Amino acid sequence: MNRFPAYISLDDRPVLIIGGGASALAKARLMVTAGATLTVIGEKLSRETKSALKGKARLIERAPVVADIEASVLVFIAEGANDQVERWVEAARIAGVLVNVVDRPEYCDFTTPSIIDRGRVTISISTDGAAPVLGRKLRADIEALLPSKVGSLADFADQYRDAVKSKINESERRQFWERFFEGPIAAQVLTGDEAGAHEAMLALINRPASEAREGVVHIVGAGPGDPDLLTIKALRLLQRADVILYDRLVSDDILALARRDAERFYVGKAKANHAVPQDEIEARLVAFAREGKMVVRLKGGDPFIFGRGGEELETVRAAGIPVFTTPGITAAAGCAAAANMALTHRDHSQAVTFVTGHAKGEGEPDLDWSALAALKNTLVVYMGVSKADSIGAKLIAHGREASTPVAVIEKGTRADQKIIKGTLGQLGQLIDAGSVIGPALLVIGEVAALADGETLLAIAQKERLVA
């Protein structure tokens, strides 16, 4: 550690910035945000500097003098010839004033880091002046992982510090706050329900110590498979979860992002092969939460588009367990992007319809095939591989043309994805020729012709070459 990081209160304290250009203005904006009493001195102040700082700082157009420096607690030098800079730095050090010279680390007593500002929560990243662009990149990476309301969460906790101190034994206080920040009340604050959070917090503080800690369930969409398509919120929850119940469509790459010591339970389903029945999955969610654990129910795609997330939400809510939902990129959106295909297009399709190829209990879905065939827009079929022949035949029988373009996308967005194109009349052949097992998506409509991928002819030619 080359420099000691510290957070200094600058409220109403005098800070001097020497310079009138863009670099000076950037530092001035930081100091205004920090509450400093700011003076900006330069032989020529830019129009932008004057406009941006009007009423916020004392603006003086002249060369600085020693008295200006001596009257300050911090000095920023944002312009000047080498001999001028050296004189101002020497004056600052004689006066015992800390100085920063922009882009000249050899003169700096301190550096200004890249800052993430969330109110009470402030995070700074410094490269000691060696690589400021790297510092800004790291700031962007970290900022993306922080909830937008994390500052509000700190404010909320601050309101209850005295109450917790008076009600919770000192030996148990740290554990109380750890549970709080991982629990449902913090989740309420982060989702904007502060009124409900205040009510729950008062109940928690006044709850007898003998009562078990409260758990929470998060129903989370994992997206179509590519870990880069996982939402930032989903990533945060995975890294905090005590227990993860995950589906067959959740990739190993996504599971690798989870907290290492989290308990993991595979509860995936394939056609006619359910590792764990649905009612048992729901019972486990409730049971783990009642043990006081943070439970993540991780589902491929989006939990509420043919993912049975609604059933799980109802069960957990009926049990009186706090439950929150985090959407994911659904397979249709992810697979279409993977195939470089637009699901809607002003020249080809003005609407898109999602349907499932399976109903409850593996039965036939109750779909209006006449209406679907008549739409002439994009039709996306989830879980339709095993019934592809039947789906194609029903649509054609009800008026959809056999020549309608079709794309079959297997394991879309993953490294081993497969995309096959053809026509509605060839749908069953596409599945067989491409050895498509699933998970796969059927896209039916004019936009399917625009997708990347192989055709039956290309597959046949490739097989002959191999032979």
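The following exercises, each with a worked solution, introduce the pockets, sheets, rings and burial of this structure.

The structure is a predicted model, in which local features need pLDDT of at least 70 and side-chain atom pairs count only at pLDDT 80 or more, while totals for chains, interfaces and linings use all residues. Residues are numbered from 1 along each chain as its sequence is written, and side-chain values use heavy atoms, with hydrogens and water left out.

**Exercise 1. The largest pocket**

Determine the volume of the largest pocket and describe its lining.

*Solution.*

Step 1. Rolling a probe the size of a water molecule over the atoms shows where empty space is left. On a 1 Å grid over the protein atoms alone, a pocket is an open set of points with protein on both sides within 12 Å along at least five of seven lines, whereas a cavity is a set of points where a 1.4 Å probe fits but cannot get out; lining residues have an atom within 4 Å of a point. Grid points are joined across faces, edges and corners, and a volume is the space filled by probe spheres set on the points.

Step 2. The largest pocket holds about 1,600 Å³ of space. Its lining has 48 residues, and L30, T111, T112, P113 and I115 are the closest to the centre.

Step 3. Helices (H or I, at least four residues) and strands (E, at least two) are DSSP runs, numbered from the N terminus. At least two lining residues come from each of α1 (22–33), β4 (74–77), β5 (98–101), β6 (114–118), β7 (121–125) and α5 (132–145). Helix α1 gives the largest share, six residues.

Step 4. The lining comprises 24 nonpolar, 14 polar and ten charged residues. Here Ala, Val, Leu, Ile, Met, Phe, Trp, Tyr, Cys and Pro count as nonpolar, Asp, Glu, Lys and Arg as charged, and the others, Gly among them, as polar.

**Exercise 2. The second largest cavity**

State how many cavities of 30 Å³ or more the structure holds, and describe the lining of the second largest.

*Solution.*

Step 1. There are two cavities of 30 Å³ or more. The second largest has a volume of about 30 Å³.

Step 2. This cavity is lined by G357, E364, P365, W369, K387, S390, I391 and K394. Helix α17 (residues 388–397) contributes the largest share, three residues.

Step 3. By residue type, the lining of the second largest cavity has three nonpolar, two polar and three charged members.

**Exercise 3. The five-stranded sheet**

Give the strand order of the open sheet of five strands and examine how β13 is placed.

*Solution.*

Step 1. Two strands pair if DSSP finds at least two bridges between them. The order is β10-β9-β13-β8-β14, with parallel pairing. Strands β10 (263–266) and β14 (323–326) form the edges, each pairing on one side only. On average, neighbouring strands of this sheet are turned by 20 degrees against each other, direction ignored.

Step 2. Strand β9 (residues 243–246) is joined to β10 by four bridges in the parallel sense, and V243 has E263 as its bridge partner. Four bridges also join β9 to β13 in parallel, where L245 stands opposite R297. Strand β8 (residues 216–221) pairs with β13 over six parallel bridges, and V217 has V295 as its partner.

Step 3. In a regular strand the side chains alternate between the two faces of the sheet. In β13, M294, V296 and L298 on one side and V295, R297 and K299 on the other are all buried. Buried means under 20% relative accessible area, exposed over 50%, and partly exposed in between (1.4 Å probe, protein chains only).

**Exercise 4. An aromatic pair**

Classify the pair formed by F180 and F181, and state whether each residue is buried or partly exposed.

*Solution.*

Step 1. Rings of Phe, Tyr and Trp (its six-membered ring) pair if their centres lie within 6.5 Å; planes under 30 degrees apart count as stacked, over 60 as edge-to-face and the rest as tilted. The count comes to eleven aromatic pairs.

Step 2. F180 and F181 have ring centres 4.8 Å apart and planes at 70 degrees, so the pair is edge-to-face.

Step 3. F180 is buried, with a relative accessible area of 2%, whereas F181 is partly exposed at 36%.

Step 4. Both residues belong to one aromatic cluster with F156, Y160, F176 and W177.

Note on methods: Axes are lines fitted to C-alpha atoms, for helices over the stretch in contact, and angles run from 0 to 180 degrees between N-to-C directions.
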